[in-house]
Amino acid sequence: MKYQSDRVGQIPPYLFAEINKKKAKMMESGVDIIDLGIGDPDLPTPPHIVEKLVEEMNNPSNFKYPSFIGCTEFRQAVANFYQRQYGVNLDPETEVLALIGSKEGIAHIIPTLVDPGEYVLIPDPSYPVYRMATLLANGKYHNMPLLKENNFEPDFDLIPEEILRQSKLMFLNYPGNPTSATVDLSFFEKAIQFAKTRNIPIAHDSAYNMVTFDDYKAPSILQINGAKKYAVEFGSLSKTYNMTGWRIGYIVGNREIIKALSTYKSNTDTGQFTPIQKAAAFALNSDQSCIQTHNAIYKERMNAMLAGLKSIGIQVTPPKGSFFIWAPVPAGFTSAEFVTNVLEQTGVILTPGSAFGPSGEGYFRVSLSVPSERLYEAVERIKKNIKLEIV
Ligand SMILES: *Cc1c(COP(=O)(O)O)cnc(C)c1O
């Protein structure tokens, strides 16, 4: 008897499994773990959004199957957000689709656009779902290396011609996880030009669109003239409003792609619970000052951690977005060696860059998901217990 398909069988073991096992063991023996590995905000969902959910939970008409494409209020709220934030007009009927978290849409857009054996162009390093969902769809992926000297932007000219000919989708992600890189509109202009000349649609993952610092405002790829012909954009309430567990996101942009994805989805799932969609619409439509509050907290933590890293000889340019620090591994270690040493000697969990693709080797990711005091403590432990060549 065969208990898994070849498609599932080819998925490599979960890269964090080893770390999690060690973490559990160390916690059992009483080690005070500082977990800077998880990309999940520690801050709570703002109370006005929770209260709206409770109110909608008291309305029994919300208990039925939700609409496939998302309730009108939610799709309209996403369209309002695009108008307000980017000056982009969206038809909430045809250019907005609700998702059960953006991860769900990212995974399902691949079989929607890509047939077995065809290619997906993937940033390297990046969010592992792009890669794994491609494998699950029996597709192939081509890694586009993101290098520091190119501001972690892919060089489209380096993609081999025969791969371009078989590519049916390209993923981009800014502010980026794990690199924390940000771009301005001129990069999206270049990307749309590429999509147009090569006939390859672009899916831009904007999960961190509102997690930005100082005067930087992350652009939308849909701000480029004519972009709707070539691109879709994923968005999520998860990181903006600390709603990761609520599972609510959206895709906007090209209506043909959205229609095809909704065909796929309507035969796979039935949409997110209506009270969650209505509370999410409320979050997008109400006072946005909670975003400033969250970002100020991340900025303070970012400064604390950057200063701490500097004190142990690790220099990182301050990111303009995301709640990650993408830092070079000290001389003499691979990513995995460094992260394993730090965990074993200090109880601090970091993520090895190599977990996000081959070009992540030589880096580690710090998630700013704990208060500043704990970040200082993490640095102190590393300073005390890891022998580093200070340059
Ligand atoms: C967190 C994250 C997502 C997933 O967000 P959900 O809407 O919670 O599924 C997507 N892309 C990136 C890059 C992320 O870091």
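This section describes the annotated domain, the ligand site, selected strands and the salt bridges of a predicted model.

The UniProt record, an unreviewed entry, lists residues 32-382 under "domain: Aminotransferase class I/classII large". Over this span, helix accounts for 39% and strand for 15%. The C-alpha atoms at its two ends are separated by 14 Å.

The ligand is surrounded by 14 residues. The closest are Asp-205, Tyr-208, Ser-236, Ser-238 and Lys-239. Polar side-chain atoms approach ligand oxygen atoms at several positions. For Ser-238, an N or O atom of the side chain lies 2.6 Å from a ligand oxygen. The corresponding distance is 2.8 Å for an N or O atom in the side chain of Arg-247, and a polar side-chain atom of Lys-239 is found 3.2 Å from an oxygen of the ligand. Taken on its own, the ligand has 390 Å² of accessible area, of which the protein covers 94%.

Strand β8 (residues 249-253) has strand partners that include β2 and β7. The pairing of β8 with β2 is antiparallel and comprises four bridges. Within this pairing, Leu-97 has Ile-251 of β8 as its bridge partner. Strands β7 and β8 also run antiparallel, and five bridges join them. Ile-251 is again the residue of β8 involved when the bridge partner of Phe-234 is considered. Five of the five residues of β8 are buried, so the strand is largely enclosed by the rest of the structure. The residues of β8 point to two sides: Gly-249, Ile-251 and Gly-253 point one way, and Tyr-250 and Val-252 point the other way. Residues on both sides of the strand are buried.

A separate open sheet consists of three strands in the order β9-β12-β11, with antiparallel pairing. The edges are formed by β9 (324-328) and β11 (351-352). Each of these edge strands has a single partner, so one side of each is left without a neighbour in the sheet. The pairing of β11 with β12 (residues 363-367) is antiparallel and rests on two bridges. Here Pro-352 stands opposite Phe-364 of β12.

Gln-277, a residue of helix α10 (residues 274-285), has a relative accessible area of 1% and is therefore buried. A polar atom of the Gln-277 side chain lies 2.6 Å from the backbone nitrogen of Cys-71.

Side chains of opposite charge can pair when their charged atoms come close. In the whole structure, 20 salt bridges are found. One of them joins the side chains of Lys-228 and Glu-95, with an N to O distance of 3.1 Å. This pair links distant parts of the chain, 133 residues apart. Lys-228 belongs to the loop between β6 (202-205) and β7 (231-236), whereas Glu-95 belongs to the loop between α4 (72-86) and β2 (96-99). The two partners fall into separate accessibility classes: Lys-228 is partly exposed at 27% relative accessibility, and Glu-95 is buried at 6%.

Glu-161 takes part in salt bridges with Arg-165 and with Arg-198. For Arg-165 and Glu-161 the N to O distance is 3.9 Å. Both residues lie in helix α7 (residues 161-165), at a separation of four residues, or about one turn of the helix. Arg-165 is exposed, with a relative accessible area of 59%, while Glu-161 is partly exposed at 39%. In the salt bridge between Glu-161 and Arg-198, the closest N and O atoms are 2.8 Å apart. Glu-161 lies in α7 and Arg-198 in helix α8 (residues 185-198), so this pair ties together parts that are 37 residues apart in sequence. Arg-198 has a relative accessible area of 30% and is partly exposed. Elsewhere, salt bridges with shared partners join Asp-32, Arg-374, Glu-377 and Arg-381 into one network.

Notes:
Residues are numbered from 1 along each chain as its sequence is written. This is a predicted model: local features need pLDDT of at least 70, side-chain atom pairs count only at pLDDT 80 or more; totals for chains, interfaces and linings use all residues. Side-chain values use heavy atoms; hydrogens and water are left out. A salt bridge is a side-chain nitrogen of Lys or Arg within 4 Å of a carboxyl oxygen of Asp or Glu. Buried means under 20% relative accessible area, exposed over 50%, partly exposed in between (1.4 Å probe, protein chains only). UniProt positions are given in the numbering used here, feature names are shortened, and annotations may be inferred rather than shown by experiment. A residue is near a molecule or strand if one of its heavy atoms lies within 4 Å of it. A polar contact is a pair of N or O atoms within 3.5 Å; within protein, one must be able to donate a hydrogen and the other to accept it, and residues adjacent in sequence count only if both atoms are side-chain atoms. Accessible areas come from the Shrake-Rupley method with a 1.4 Å probe; for residues, only the protein chains shown count as cover. Two strands pair if DSSP finds at least two bridges between them.
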